[in-house]
Amino acid sequence: MGSEKIDKLKDLHLETDLARVAKIVVPDADDWKPHADRLRDLIGPYCGGGPVVATDEGPSIEGLKDGHWVLLGSAMNNPAIMALYRRNYAFVDDFYPGGNGYALRTIHNPENQGHNVLMVGGSCPEGAASGLDQLERMLGSGSPLGQINIARAAACETGQQVHMT
């Protein structure tokens, strides 16, 4: 097995320019709609108006070739997150971050499409709302979105036992 010399690394796309957002993909459920609307309102001014909001993105992430995606929800209710989950890019489901927890992350250049994903992950709408609060604070600072990896797992209640097998 030989090794090849790498002269130049690929472009890692470490900043996410929200002006290049092609689509916001949200869960297709009534309890997520207020959070989807809020996400659209938060991102919209950076995208030059109203970005496309979809609920029907299938298990393919080929659409990333058209621009960055902003995703809301979890692998259990958002097919776009499930597509990334299956490829080990996004780990948000019914168990993590759980309850009122959230995961706010950028996924840089998955599948070498040249665009990024900004994920506001939550196991339930209340958790995603906390992630949206954090995103709003970050956008208010005016700094570009570089690598984001912020998570707050749901708190265990006092006396609750957690069994790991």
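## Around helix H2

Just after helix H2 comes asparagine 88, which has a positive phi, near 65°. This is a predicted model, so please read each feature below in that light. At the other end of the helix, where H2 starts, asparagine 78 takes part in a contact: one of its side-chain oxygens comes within 3.0 Å of the backbone nitrogen of alanine 80.

H2 covers residues 79–86, and its buried residues are Ala80, Ile81, Met82, Ala83 and Leu84. Alanine 80 therefore appears twice in this picture, as the residue whose backbone nitrogen is approached by asparagine 78 and as a buried residue of H2, buried being under 20% relative accessible area. What do the buried residues of H2 pack against? Their partners are four strands: S1 (21–25), S3 (68–73), S4 (102–107) and S5 (117–121).

## The nonpolar cores

The largest nonpolar core has 23 residues, and the members that touch the most others are Leu39, Ile43, Leu72, Leu104, Leu118 and Leu135. At least two residues of this core come from each of S1, helix H1 (33–43), S3, S4, S5 and helix H3 (125–140). Which element gives the largest share? That is H3, with five residues.

Leucine 104 is a good place to look more closely. Setting aside neighbours within four places in sequence, leucine 104 is in contact with Leu118, Met119, Val120, Gly131, Gln134, Leu135, Met138, Ile148, Asn149 and Ile150. Apart from the largest core lies another one, of 17 residues, including Met82, Leu84, Ala103 and Met119. Met82 and Leu84 are also among the buried residues of H2, while Met119 is one of the contacts of leucine 104.

## Cysteines

How many disulfides does a search of the whole structure find? The count is zero. Two cysteines can still be described by their surroundings. Cysteine 47 counts as buried because its relative accessibility is 18%, under the 20% cut-off. Cysteine 124 is buried too, with a relative accessible area of 18%.

## Salt bridges

Side chains of opposite charge can pair when their charged atoms come close. There are seven salt bridges in this structure. One of them joins the side chains of lysine 5 and aspartate 7, at 3.5 Å from N to O. Are these two residues buried or exposed? Lysine 5 is exposed, at 71% relative accessible area, and aspartate 7 is exposed as well, at 67%.

Another salt bridge links arginine 40 with aspartate 37, with their closest N and O atoms 3.3 Å apart. Because they are three residues apart in helix H1, about one helical turn separates arginine 40 from aspartate 37. Both partners count as partly exposed: arginine 40 at 31% relative accessibility and aspartate 37 at 23%.

## A link between H1 and H3

Aspartate 133 and arginine 38 also meet in a salt bridge through their side chains, at 2.7 Å from N to O. Aspartate 133 belongs to helix H3 and arginine 38 to helix H1, so this pair ties together parts that are 95 residues apart in sequence. Aspartate 133 is partly exposed at 33% relative accessibility, and arginine 38 is partly exposed at 25%.

Which residues are joined into one network by salt bridges that share partners? They are Lys33, Asp37, Arg40 and Asp41. H1 and H3 meet again in the largest nonpolar core, to which each of these helices supplies at least two residues.

Terms used:
Residues are numbered from 1 along each chain as its sequence is written. This is a predicted model: local features need pLDDT of at least 70, side-chain atom pairs count only at pLDDT 80 or more; totals for chains, interfaces and linings use all residues. Side-chain values use heavy atoms; hydrogens and water are left out. A disulfide is a pair of cysteine sulfur atoms within 2.5 Å. Buried means under 20% relative accessible area, exposed over 50%, partly exposed in between (1.4 Å probe, protein chains only). Contact means heavy atoms within 4.5 Å. A polar contact is a pair of N or O atoms within 3.5 Å; within protein, one must be able to donate a hydrogen and the other to accept it, and residues adjacent in sequence count only if both atoms are side-chain atoms. A nonpolar core is a set of buried Ala, Val, Leu, Ile, Met, Phe, Trp, Tyr and Cys residues joined through side-chain atoms within 4.5 Å. A salt bridge is a side-chain nitrogen of Lys or Arg within 4 Å of a carboxyl oxygen of Asp or Glu.
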